[in-house]
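Colleague: Please take me on a close look at one part of this model, starting with how its helices pack and following the chain contacts from there. I would like the values and their cut-offs as you go.

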Amino acid sequence: MEIAKLGEFGLIDRLTKDLKQKNESTKYGIGDDCAVLYYPESRVLVTADMLMEGVHFDLTYMDMQHLGYKSAMVNLSDIFAMNGTPRQLVVSIALSKRFTVEDLDAFYEGLRMACAKWNVDIVGGDTTSSLTGLAISITCIGEARATDIVYRNGAKDTDLICVSGDLGAAYMGLQLLEREKAVYYQQLAEMQRKSHTANSQQPTPEFTPDFAGKECLLQRQLQPEARGDIIQQLNKSGIRPTAMMDISDGLSSELLHICKQSGCGCRIYEKNIPIDYQTAVMAEELSFNVTTCAMNGGEDYELLFTVPLTDHDRVSEIPDVKVIGYITKAELGSSLISRDGQEFELKAQGWNHY
């Protein structure tokens, strides 16, 4: 169905008619000029992300449902990275005429799946036309007690540096998708060349991408998970990080952000960086250095945080959390210690938005 047949308000009604509010702070959602929220005793956390077709996602291999899910999760991750709880989502979309109502249904299904996982309300947004493809802008609103909020500037000398999950898998998933996309277009170009010579109708190749045994890498790229479970475990263990952020642009970039804002240095150890077996296998298959992938790949959306040295035993007991190094004085710089004991200066080589 063409979107024009529904019109803007008909489309909004279709996408949001079954939304039910889950949070007491949501006093009024979709249906007026503004949503109405109420936070009597908490601090309000607000984050926004813009995703542009051709820059942040490729619809050659990213379907609309996964895109909706990922668009929500990357925003929820920012709220968790402040030690907060996400509550509401505002969704704005600009799209060209090549998209149908069913495409938007699938996108919103992904959004709903992500929001349902963490009891987040979709409370508004905007839709408009685009001459350059698909653009997505999402704002997430969360809450936290003032004493619970964790910033990037609180790391102290001797603090332990911790990460959740494993690193580099999302980047390897992206490389896998890009490899198979290139193979597909090579086959397509060859078939079109031959069909042009034969002066016949141009076919498309019967192409099956080679993803066998690598499904985990694809999921990490197409369907990342915000680590609210780690926040819950930290709170349960009575651990309040001194600094924290999520890993969206690569471990090296994020760690240097913490060091700069906290006025400190760091030492991390290559042998301690958590890397999944499939990530290592894929890196070897593509002749990539797996440590470089883990340090600079980005889009893992794991949590990077620091805790006091006295919390070592408690943080070590949390499943899926690894201590990878420690904070030092600023004059000592920021370094990676290799497996053979060599020291390398950390450099921000992750995703650059410009």
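**A helix pair and the sheet**

Modeller: Helix 2 passes helix 3 in a right-handed crossing (the near helix is turned clockwise from the far one by less than a right angle; anticlockwise would be left-handed). Before we go on, this is a predicted model, so local features need pLDDT of at least 70 and side-chain atom pairs pLDDT 80 or more, while totals for chains, interfaces and linings use all residues. Residues are numbered from 1 along each chain as its sequence is written, and side-chain values use heavy atoms, without hydrogens and water.

Helix 2 covers residues 64–80 and helix 3 residues 101–117 (DSSP runs of H or I with at least four residues; strands are E runs of at least two, all numbered from the N terminus). The two pack at an angle of about 35°, and their axes are 6 Å apart (axes are fitted to C-alpha atoms, for helices over the stretch in contact, with angles from 0 to 180 degrees between N-to-C directions). From helix 2, residues including Leu67, Tyr69, Ala72, Met73 and Leu76 meet residues of helix 3, among them Ala106, Phe107, Leu111, Met113 and Ala114 (contact is heavy atoms within 4.5 Å). The residues of this contact divide into 11 nonpolar, 4 polar and 3 charged (Ala, Val, Leu, Ile, Met, Phe, Trp, Tyr, Cys and Pro are nonpolar; Asp, Glu, Lys and Arg charged; the others, Gly among them, polar).

In helix 3, Val101, Leu104, Phe107, Tyr108, Gly110, Leu111, Ala114 and Cys115 are buried (under 20% relative accessible area, with exposed over 50% and partly exposed in between, using a 1.4 Å probe and protein chains only). Just after helix 3 comes asparagine 119, in the loop leading to strand 5 (121–129). Its phi is near 55°, a positive value in a residue other than glycine. Asparagine 119 is partly exposed, with a relative accessible area of 42%.

Now to the sheet. Its 7 strands lie in the order 8-10-7-11-9-12-13, with mixed pairing, and the sheet is open (strands pair if DSSP finds at least two bridges between them). Strand 8 (243–246) and strand 13 (343–345) are at the edges, each with a single partner strand, so one side of each has no neighbour in the sheet. From one strand to the next, the twist averages 25°. Helix 6 (residues 228–236) packs on the sheet, touching strands 7, 8, 10 and 11, and its direction makes about 20° with that of strand 10.

Within the sheet, strand 7 (160–164) and strand 11 (321–329) are antiparallel over 5 bridges, with cysteine 162 opposite valine 323. Strand 9 (264–269) runs parallel to strand 12, joined by 4 bridges, and cysteine 266 has serine 334 as its bridge partner. In strand 12 (334–337), Ser334 and Leu336 point one way, Ser335 and Ile337 the other, and all are buried. On to strand 13, 3 antiparallel bridges join it to strand 12, with serine 335 opposite glutamate 345. These two form a hairpin with 5 residues between them, and glycine 341 in its turn has a positive phi of about 90°.

One last stop is the loop between helix 9 (290–296) and strand 10 (303–307), which holds aspartate 300. Glutamate 299, in the loop between helix 9 and strand 10, has a positive phi of about 65° although it is not a glycine. Aspartate 300 is buried at 3% relative accessible area, and among the residues it touches are Asp166, Gly168, Arg220 and Ile247.

Conventions. Lists of a residue's contacts leave out its neighbours within four places in sequence.
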